[in-house]
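Reader: Before we go through the details of the local geometry, could you put the model and its sequence side by side for me?

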Amino acid sequence: MFHIYCPHCAEYREEEEFHAAGQAHIPRPLDPDACSDKEWGEYMFFRKNPRGIHHELWVHAAGCRKFFNMTRDTQTYEIKEVYKIGEQPSVVAE
Amino acid sequence: MQHYSGFGLFKHSLTHHENWQRVWRNPTPKKKYDVIIIGGGGHGLATAYYLAKEHGVTNVAVIEKGYLGGGNTARNTTIVRSNYLWDESAHLYEHAMKLWEGLSQDLNYNVMFSQRGVLNLGHTLQDMRDIERRVNANRLNGIDGEVLDPQSIKEIVPHMDCSANSRYPVMGASWQPRGGVARHDAVAWGFARGADSYGVDLIQQTEVTDLIIEDGTIVGVKTNRFGDIKADRVGSVVAGNSTVIAKMAGFELPLESHPLQALVSEPIKPVLDTVVMSNHVHGYVSQSDKGDLVIGAGIDGYTGYGQRGSYPTIEHTVQAIVELFPMFSRVRMNRQWGGIVDTCPDACPIISKTPIKNLFFNCGWGTGGFKATPGAGNVFAASLAKGEMHPLAEPFSMFRFHNGALIDEHGAAGVAH
């Protein structure tokens, strides 16, 4: 069971209040019409899915309902840090 | 290879079963193979078996970092069915189903395939519409299926609560009588024994640490125990770790790895002689020959490689099972575990060429790879032997995520994704 710190509520809450929304930091192409099929497909579907440090988007679904980012180890499940949307992670994979 | 038979069993009983041959060799790898298969699970071993048996390609190695069939093959809930909605997946899973039906004889190894039928329950009007549509599609594809009402379900599973008073009343179900269960370990062992008998080298406890790629063509793999091993073609069949292998090759896959967990109860007397699945309340249950209830859960929402699942997911699943079978409420659970499933955005597998020449991937089976084991091995072997994808595998190219030809089985397949 994760014990997750919501940076908006500034409180630790249990995993069940949260929902994982996949990989973080995926910018929408600025000009989608100019994308090739490959570029658009990769934006839509291709993911990093690392075994190790991963930056993810989570939503405090049963709480403040706001999104935030989390850096987590996908092997040990250790949560390294949480940070708000628009901020950059301080813990990154080598 | 020693042939297994009732007579053989009797003969060996005279010597206290002390003279059985080893089921497969434990060879030191050669310097070069025609085909290397990374991953010694059910799919990888089936691929090796069919490569040797149907295509005469016997200079093959299967490289497994742990032991044979120790990953998802040993962690699934053993359910076999082929009632998928779309033509592409229905054909693929039905191909597997037909192989399942003769598998024990073909392998001379009892995989305990039991066609006890699979029920997919519907709890809402929309569930029932989807079930009607799927069963019709199945029948058009020559796959057996029926839509059942609660009375007929009650006849098949008398212990299930089909009353209108439950929280999510059972409104009906799809019923595939040819579906069932198989003993998952035996499937891996049977294919391993078969492949070994044709001369395939099964290399266990050996991890592929990198791929050797020259000018965009794969020429071999690096291993932690035996150095470089050359190969003309390489097939990656590593399920949850596919992204890790793809990263070695320098490309990304449209996959996310999630923990999927299952649990078994203490053994109880026979009570459930079919498979019950419910997409809506999200649980599935069958009873093994040993008597334990085999219960499957949903995936955890986050990505993870930890081979363990989260407690909220177990709780949710057990709630669903107890809701359906109130008599199970006091059954104690014996073991719980997780496997890592590689899920695709459209809930369909990838059996594909890759941007690297002569490197092929079989991955992305998500929560439903076990049922496809013989079929996936069969078409992947054909693709590896010829260097061109088998017609049944063609639609499952990884490049469908570029051209948009997705096969959207999410929810439509009666699966608990």
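Reader: What is the relative accessible area of Gln307(B)?
Author: This is a predicted model, in which local features need pLDDT of at least 70, side-chain atom pairs count only at pLDDT 80 or more, and totals for chains, interfaces and linings use all residues. Residues count from 1 along each chain as written, chains are lettered from A and ligands numbered from 1 in written order, and side-chain values use heavy atoms, without hydrogens and water. Gln307(B) is classed as partly exposed (buried is under 20%, exposed over 50%, partly exposed in between, for a 1.4 Å probe and protein chains only), because its relative accessible area is 38%.

Reader: Which phi does Gln307(B) have, and where is this residue found?
Author: Most residues other than glycine have a negative phi. Gln307(B), although it is not a glycine, has a positive phi of about 50°. As for its place, with helices (H or I, at least four residues) and strands (E, at least two) taken as DSSP runs numbered from the N terminus, Gln307(B) is found in the chain B loop between β15 and α9.

Reader: Where is Asn358(B) found, and what is its phi?
Author: Asn358(B) is found in chain B, in the loop that lies between β17 (350–353) and β18 (359–363). Asn358(B) is partly exposed, because its relative accessible area is 22%. Its phi is positive in a residue other than glycine, with a value near 70°.

Reader: Is Gln204(B) buried or exposed, and which residues does it contact?
Author: The loop between β8 (201–203) and β9 (208–214) of chain B holds Gln204(B), and this residue counts as buried because its relative accessible area is 17%. Once neighbours within four places in sequence are left aside, Gln204(B) is in contact (heavy atoms within 4.5 Å) with Trp24(B), Glu64(B), Gly66(B), Tyr67(B), Leu68(B) and Arg225(B).

Reader: Which strands are the edge strands of the open sheet in chain A?
Author: This open sheet of chain A has four strands, ordered β3-β4-β5-β6, with antiparallel pairing. Pairing here means that DSSP finds at least two bridges between two strands. The strands that pair on one side only, and are therefore the edge strands, are β3 (19–23) and β6 (79–83).

Reader: How many bridges join β4 to β5 in chain A, and which residue is the bridge partner of Leu57(A)?
Author: In chain A, β4 (residues 53–59) and β5 (residues 67–73) run antiparallel and are joined by seven bridges. Leu57(A) has its bridge partner in β5(A), and that partner is Asn69(A).
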